[in-house]
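This report describes where protein chains meet DNA and where they meet one another. Please keep the structure in view while reading.

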Protein chains: 4
Amino acid sequence: MISLDFRDSRSIYEQICDKVKKLILEGALSEGDKIMSVRELASSLTINPNTIVKAYKQLENEGYIYSVQGKGYFVAGRKSAAKDADFGALFDTARATLSELCFLGTEKDTVTRMVDDIWKEMKR
Amino acid sequence: MISLDFRDSRSIYEQICDKVKKLILEGALSEGDKIMSVRELASSLTINPNTIVKAYKQLENEGYIYSVQGKGYFVAGRKSAAKDADFGALFDTARATLSELCFLGTEKDTVTRMVDDIWKEMKR
Amino acid sequence: MISLDFRDSRSIYEQICDKVKKLILEGALSEGDKIMSVRELASSLTINPNTIVKAYKQLENEGYIYSVQGKGYFVAGRKSAAKDADFGALFDTARATLSELCFLGTEKDTVTRMVDDIWKEMKR
Amino acid sequence: MISLDFRDSRSIYEQICDKVKKLILEGALSEGDKIMSVRELASSLTINPNTIVKAYKQLENEGYIYSVQGKGYFVAGRKSAAKDADFGALFDTARATLSELCFLGTEKDTVTRMVDDIWKEMKR
DNA sequence: GTGGTCTAGACCACG
DNA sequence: GTGGTCTAGACCACG
């Protein structure tokens, strides 16, 4: 299920993007699965359908989902997402965030354990 | 030195924030160093001084710099930044970015090496 | 044989149009050949027969096929297609696409070779 | 100048996309040039600003233009467009269109001359 | 003044 | 019923 945090400074469509992407990354949504329709999600969150459209189009541009005329949106595969991904930007973000954590005194072990967890979980 | 990329989708004050923070994380600016004055930086980048003020206020809120009335802005220490840091948000960003890299097929070794590099560099 | 790509952003009837036209251009279907009946193709693709009808009507308008009451649809000749073709629109599309390829750095030789290939293949 | 053709079956935002792209391909707009603001173009065409936004965002995704917060949209360079281009799709379109022209009886010389013209013009 | 986000709601094509 | 397009208009951040 998807919920919004109105205290979050990010825009609504960004939050929806991240939530749906998270469900895909976690494997809660698998390749070929249909995701909630634009209207369904809009009414369930009581926001405007156009805002959902914007989030879904963003995810479509990133290769995470695709639309089928008159049917709905479906989860695309890893290959599709990898093809459209901007690895440069992702690594920049990763490096900046990890550098900041390091500077602020985070132990390397803490981060290494997080990395281990992520790669272990994903292989399931 | 700081330069701007007008094609960057981030706002100017955000870019300045990130650039100054990066100089601090890299050790190019050390605790107690005076950073460029608002006027200096504004004229060197030919942008509005208010934009610099906004960036510096942001970094001050994050504990990375502090102002001395009539003297300018100075680099604060790690403890100051660590006290004001939102570790929850930083770890969320790190986890989300690394999860995405993992999903997209990045080898764990690549990331582990990046972590090693960052922690090694920083200890200097 | 005709297959559909549900990830294709084009509508189903457009995909069918393009696939059948391609078979004709390639010579896999020749003048006078009977093409698959609406019912046959609909059940083989498990889609609504009306969608096939729409595609066939479109190809009929373009002069690529013609229907014989109670017999089915047949491939028309080049003259028929040439008579109904909108050369202006085709040249506009060709010019726009080639201009974009040129702008993006494609070598002229690459395109000239493609043109050679197409005209050589077609003369068979 | 940009004008709309309401008889054109393409959507308004697509027409705007193509018109602006054409100006860039022709060299009427060069790298770094500011293009008409969203509001300016919307009022000059008497259409809704959101429709312009949609067209501009599409061109931004294709790397042809970029936005600067509070300043407007500017023409990006060839490299930017080439980086984001889907050459596979462009060549597919080119091949399909040229194959159709060939089938319909167009002389190879006519096409070769068009190719020559495009590559000659662009080098200016 | 500029682009960015969002609402409210209409009408369309597709199947 | 689904997504796609478009209008009309509001309010925001940025500089």
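## Terms and model

Helices and strands are DSSP runs numbered from the N terminus, a helix having at least four residues and a strand at least two. A residue is near a DNA strand if its C-beta atom, placed from the backbone, lies within 6 Å of that strand. The model discussed here is predicted.

## The surface near DNA strand F

Among the elements near DNA strand F, α2(A) makes the largest contribution, with three residues. Altogether 24 residues surround this strand, and those that come nearest are A:G70, B:I12, D:S11, D:N48 and D:G70. Three chains supply elements with two or more residues each: chain A gives α2 (38–45), α3 and β2 (72–75), chain B gives α1 (12–25), and chain D gives α1 (12–25) and α3.

By class, the residues near DNA strand F comprise eight nonpolar, 14 polar and two charged.

## The surface near DNA strand E

Around DNA strand E there are 24 residues, of which A:S11, A:I12, A:G70, C:I12 and D:G70 are the closest. Two or more residues come from each of these elements: α1 (12–25) and α3 (49–61) of chain A, α1 (12–26) of chain C, and α2 (38–45), α3 (49–61) and β2 (72–75) of chain D. The element that gives the most is α2(D), with three residues.

The surface near DNA strand E is made up of eight nonpolar, 14 polar and two charged residues.

## The contact between chains A and B

Which elements of chain B supply at least two residues each to the side that touches chain A? Chain A and chain B each bring 26 residues to their contact. On the side of chain B, the elements in question are α4 (78–84), α5 (87–103) and α6 (108–123). The largest share belongs to α5(B), which provides 11 residues. Sorted by class, this side of chain B has 17 nonpolar, five polar and four charged residues.

## How chain B relates to chain A

A turn of 179 degrees, with a shift of 0.1 Å along the axis, lays chain B on chain A with an RMSD of 0.2 Å. This is the relation of a two-fold axis. The same surface serves both copies, since 100% of the contact residues of chain B recur in chain A.

Which residue of chain B comes closest to the rotation axis? That residue is B:A94, whose C-alpha lies at 3.1 Å from the axis.

Note on methods:
Residues numbered from 1 in each chain as written. Chains lettered and ligands numbered in written order. Predicted model: local features only at pLDDT ≥ 70, side-chain atom pairs only at ≥ 80, totals over all residues. Nonpolar A, V, L, I, M, F, W, Y, C, P; charged D, E, K, R; others polar. Contact = placed C-beta atoms within 7 Å. Least-squares fit on C-alpha atoms with pLDDT ≥ 70 in both.
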